Amino acid sequence: GLQAWLRYAPLPAGHNAPALPSSIIALNSSASSPVNTAGQELQKGIQGIFGKTLRVSSTGKATSAAAVVGTVSQFQKAFGNSPVTDALSLEEDGFWLNVQGSTVQILGQNERGALYGAFEYLSMLAQGNFSDVQYATNPAAPVRWINSWDNMDGSITRGFGGNSIFFANGGVLSNLTRAAEYARLLSSIRINAAVVNDVNANFTTINPENIQGVGRIADVFRPYGVQLGLSLDFASPMELGNLSTYDPLDDGVIAFWDDITQQIYDRIPDFAGYLVKADSEGKFFVSPSAMLNSTEFNLGTPGPLVYNRTLAQGANLFAQAIKPFGGIVMYRAFVYNQLPDEAIWTADRANAAVDFFQPLDGQFDDNVIVQIKYGPIDFQVREPASPLFANLLETNTALELQVAQEYLGQQTHLVYLPPLWRTILDFDLRVQNQSSFVRDVITGERFKRPLGGSAAVVNVGLNDTWLGSHLAMSNLYAYGRLAWDWTSDSEEILQDWTRLTFGLDETVIDTITQMSMASWPAYENYSGNLGEQTLNDILYTHFGPNPQTLDNTPWGQWTRADHTSIGMDRTVSNGTGFSGQYPPEVAAMFEDIETTPDNLLLWFHHVNYTQKLKSGKTVIQHFYDAHYEGAETAHQFVGMWESLKGKIDDERFEDVLYRQVFQAGHSIVWRDAIVNFYNNISGIPDDAGRVGHH
Ligand code: GCW
């Protein structure tokens, strides 16, 4: 439930308690400091795991049997001597952990880092790992954020775990207990900031009353070292400030944002920064006030393009307002227009991000980070890495992931996401014919950028399970672990999470590992195959199968399926030109059907249903077989889970079982909807005789 992976459950019989420290010295600066939190957390953890209550003090002799936690400089001040050199060369948020039996030293570069180190030590103990260790660790990148899509009325966009833990009825909740518990979870996975309101932002979030309200959220985040961020509505100067314009170059608009920023920092001195979704998902750019007043469905979000200003001018407006306070601006690359006409063979929503942003490379201020969704479309079950990562050499970038399984079963299906994420992070873009992994671009490593990192959309709510599903929490846990080190192993992360969440029983660990590692491939099998997108209902829910909604809609998530053929031709030679947005080596690979991997075939090429894959099967037979296989795997999950009865508390056992039964049933709905759709449209029977007429 609420404790998620921070349960500190007693160890099962057979695990002898190790030599433990006999007291805790937390060198804290104040009651709201993360080091103070670290002291309490160590006390609580050791109490829970071993039933032993340690005294916590803020000073003391570093005796051989104490756990000392604090920053490197607090340590030097308190004890008059320096820790080992490894601890002296830590980077921001990094920590040094030294466990020698009952002598434990946890030193952060800053207070937040010290808290991370305390959680790390406790995670070892809770997993029954009592080894002596001694190492320094630093984050892959400074920006390790969460984006919440919570609305001021308490609803959550793409939320499947209940209403908001932050907002209700247009304001901030008076009881922020859950917000504090959430910050605790986030700091244990080393997330350092959370944006709390939806990117489709409402100007009321920054009215004077709500600035005080979000200030209270920042207050409960602070002891956990989690900073607050806010999404902005670009048209606020008109809506809130009563100006006649929101032109980013207008003096009144500039003064408006300077004033708002000052108000925010007056209340929240450690405010992290802004997140901006501008000029996104629009019809085409209409007049500034029509943008706001029209009742027409989704005209898109207002932005600088409304005034013929560039996206860089839009981003720099906020960057300049926030720079004096040390804040940053996350500017989303999710900018595209609706595409009315599928008859135009070269029209392609996937081209939009590079088309809009590449010409602006070098024009963004240094405290701007362009935040890029992992694929060019929208959190689909399979996409190639966004080519924008290869096109911004003089701009900070961050990767946007989605823990909320918007298109991936919405937390009623088990889909463990790290294997999908790794297809993006480990993709080599070959910029200038050199090794250019996406993970090295976003950390700032590849192009020597001062800033970079990641954000994940997380839709926790008031539900006791946070996400609406116990098993879905592995995705949140893994996101934090990966954002610290993008090369960590997906399966090892999962097993740590499983031990912390469900205990140390080997059968439980093996079973949850098998289910989780098989889950994304299974979902891909029973949804959309071969890079054809997920095939959900595009118009409203993004949930169950609805392949007929992909084509001939302005959302541009097309498959171009007709009676004989299917797929988006994204080649330069004959299609939308998208493959040409990658550097030459990668472009050449995707341009040629022979070198395009099967799993992206229909993303890049338009082919007959009878086209042979590298596996030797035809496209249509692959659809049939994959769908039966995927649904079969989803059915196996039920039996696998049932085998754990008695090894997991009944409450969580039943809750998960209910979901696995649902997933198994829904996988058949998926299977039959998709195979019948393509059987009808192509008229080609299934070799195995399961689908269609013979
Ligand atoms: O995936 C789409 C979602 C929208 C979302 C948008 C975005 C918050 O369906 O609900 O808006 O992406 O990322 O901005």
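Here is a friendly conversation about a predicted model, covering its ligand and its two sheets.

User: Which residues count as being near the ligand, and what makes them so?

Analyst: A residue counts as near if one of its heavy atoms lies within 4 Å of the ligand. In this model 14 residues surround the ligand, and the closest are Lys277, Arg332, Lys373, Asp378 and Glu406.

User: What makes the pair formed by Lys277 and the ligand a polar contact?

Analyst: A polar side-chain atom of Lys277 lies 2.6 Å from an oxygen atom of the ligand. The cut-off for N or O atoms is within 3.5 Å, so this pair qualifies as a polar contact. Lys373 passes the test too, with a polar side-chain atom 2.7 Å from a ligand oxygen. For Glu406, an N or O atom of the side chain is 2.6 Å from an oxygen atom of the ligand.

User: How do you know how much of the ligand the protein buries?

Analyst: We start with the ligand taken alone, which exposes 340 Å². The protein then buries 95% of that area.

User: What kinds of residues make up the shell around the ligand?

Analyst: The shell divides into eight charged, three polar and three nonpolar residues. Asp, Glu, Lys and Arg count as charged, so Lys277, Arg332, Lys373, Asp378 and Glu406 belong to the charged group.

User: Why are β2 and β6 called edge strands?

Analyst: Look at the open sheet of six strands, whose order is β2-β1-β3-β5-β4-β6, with mixed pairing. β2 (55-57) and β6 (133-137) each have a single partner strand, so one side of each is left without a neighbour in the sheet. From one strand to the next, the twist of this sheet averages 10°.

User: How do you know that β1 and β3 pair?

Analyst: Two strands pair if there are at least two bridges between them. Strand β1 (residues 23-26) and strand β3 (residues 66-71) have four bridges, so they meet that condition, and they pair in the parallel sense. One example is Ala26, whose bridge partner in β3 is Val69.

User: Which helix packs on this open sheet, and which strands does that helix touch?

Analyst: Helix α4 (residues 111-126) packs there, touching β3, β4 (95-100), β5 (103-108) and β6. The direction of α4 makes about 35° with that of β4.

User: What makes Ala19 an example of residues far apart in sequence meeting in space?

Analyst: Ala19 sits in the segment before β1. Ala19 and Gly101 are 82 residues apart in sequence, while their C-alpha atoms are 5.4 Å apart in space. Leaving aside residues up to four places away in sequence, Ala19 touches Gly101 and Ser102.

User: Why is the other sheet called a barrel?

Analyst: Eight strands close into a barrel in the order β7-β10-β11-β12-β13-β14-β15-β16, with parallel pairing. Ignoring direction, neighbouring strands of this sheet are turned by 25° against each other on average.

User: How do you know that β7 and β10 are partners in the barrel?

Analyst: Strand β7 (residues 143-150) and strand β10 (residues 193-197) run parallel and are joined by four bridges. At least two bridges are needed, so they count as a pair. Asp150 stands opposite Asn197 in β10. Helix α10 (residues 311-322) also packs on this sheet, touching β11 (227-232), β12 (273-276), β13 (328-332) and β14 (368-373).

User: What links β12 to the strands β11 and β13?

Analyst: β11 and β12 pair in the parallel sense over four bridges, with Leu230 partnered by Tyr274 in β12. Four bridges also join β12 to β13, again running parallel, and Gly273 stands opposite Ile328 in β13.

Technical notes:
Residues are numbered from 1 along each chain as its sequence is written. This is a predicted model: local features need pLDDT of at least 70, side-chain atom pairs count only at pLDDT 80 or more; totals for chains, interfaces and linings use all residues. Side-chain values use heavy atoms; hydrogens and water are left out. A polar contact is a pair of N or O atoms within 3.5 Å; within protein, one must be able to donate a hydrogen and the other to accept it, and residues adjacent in sequence count only if both atoms are side-chain atoms. Accessible areas come from the Shrake-Rupley method with a 1.4 Å probe; for residues, only the protein chains shown count as cover. Axes are lines fitted to C-alpha atoms, for helices over the stretch in contact, and angles run from 0 to 180 degrees between N-to-C directions. Contact means heavy atoms within 4.5 Å.
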